[in-house]
Amino acid sequence: MLNRQKDDRGAAAVEFALVLPILILIVFGIIEFGIAFAQQLSLNSGARQGARLGVVGDKTCGQVATAAKTAATSIGITDTNISVASGVGGGGCSGGQKPCSGNRGEPFAVTLSYPGSIDIPLVGNFAVTITGKGEYRCESNE
């Protein structure tokens, strides 16, 4: 019986060494996907806030884009690396134009995009585009 115990002493270390890489993949995968999910939620929130500002306020398209980018700033996201697309009924909106001018009842949408990445050790780095969208109907004709 004593000889059997001496033979099994290193088995736990070998099993742990075999399981450790898989455990690392799972843990870091959960962390990276959690960060990407938080960024996506932040982009959705910023896009909704920008769209809301565009339909009820007297803001210009440039001001709406700035507000949406600022609201979407989150983990690893700065407002300088977010691209904004907005417009009424699928059209564009830029600069000093007012989003809902003469478009009462039409949908005004703001879409924010961010070039993100998911980096999992032992697997690699994956480039992803994270997108958030907010859409409301225009309330004023100004």
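This is a walk through a predicted model, from its sheet to its helices and core.

Start with the sheet. It is open and has three strands in the order S1-S2-S3, paired antiparallel. S1 (83–88) and S3 are the edge strands, and each pairs on one side only. Neighbouring strands are turned by 20° against each other on average, direction ignored.

Now take the pairings one by one. S1 and S2 run antiparallel and share six bridges. Here Ser86 stands opposite Val110 in S2. On to S3: 14 bridges join S2 (residues 107–120) to S3 (residues 124–137), again in the antiparallel sense. Thr111 has Lys133 in S3 as its bridge partner. S2 and S3 form a hairpin with three residues between them. Look in that turn for Leu122, which has a positive phi of about 75°.

Two helices pack on this sheet. H2 touches S2 and S3, and its direction makes about 25° with that of S3. H3 touches S1 and S2, and its direction makes about 35° with that of S2.

Follow H2 along its length. This helix covers residues 11–56, 46 residues in total. From first C-alpha to last it reaches 67 Å, close to the 68 Å expected at 1.5 Å a residue. H2 also has a kink of about 35° at Val19, shortly before Pro21.

Finally, the core. In soluble globular proteins, nonpolar side chains tend to be buried together. The largest nonpolar core in this model has 22 residues. Leu43, Ile82, Phe108, Val110, Leu112 and Cys138 have the most contacts inside it. H2, H3 (61–71) and S2 each supply at least two residues of this core. S2 gives the largest share, six residues.

Definitions and conventions: Residues are numbered from 1 along each chain as its sequence is written. This is a predicted model: local features need pLDDT of at least 70, side-chain atom pairs count only at pLDDT 80 or more; totals for chains, interfaces and linings use all residues. Side-chain values use heavy atoms; hydrogens and water are left out. Two strands pair if DSSP finds at least two bridges between them. Helices (H or I, at least four residues) and strands (E, at least two) are DSSP runs, numbered from the N terminus. The expected span of a helix is 1.5 Å times one less than its number of residues. The bend at a residue is the angle between axes fitted to the seven residues ending there and the seven starting there. A nonpolar core is a set of buried Ala, Val, Leu, Ile, Met, Phe, Trp, Tyr and Cys residues joined through side-chain atoms within 4.5 Å. Buried means under 20% relative accessible area, exposed over 50%, partly exposed in between (1.4 Å probe, protein chains only). Axes are lines fitted to C-alpha atoms, for helices over the stretch in contact, and angles run from 0 to 180 degrees between N-to-C directions. Contact means heavy atoms within 4.5 Å.
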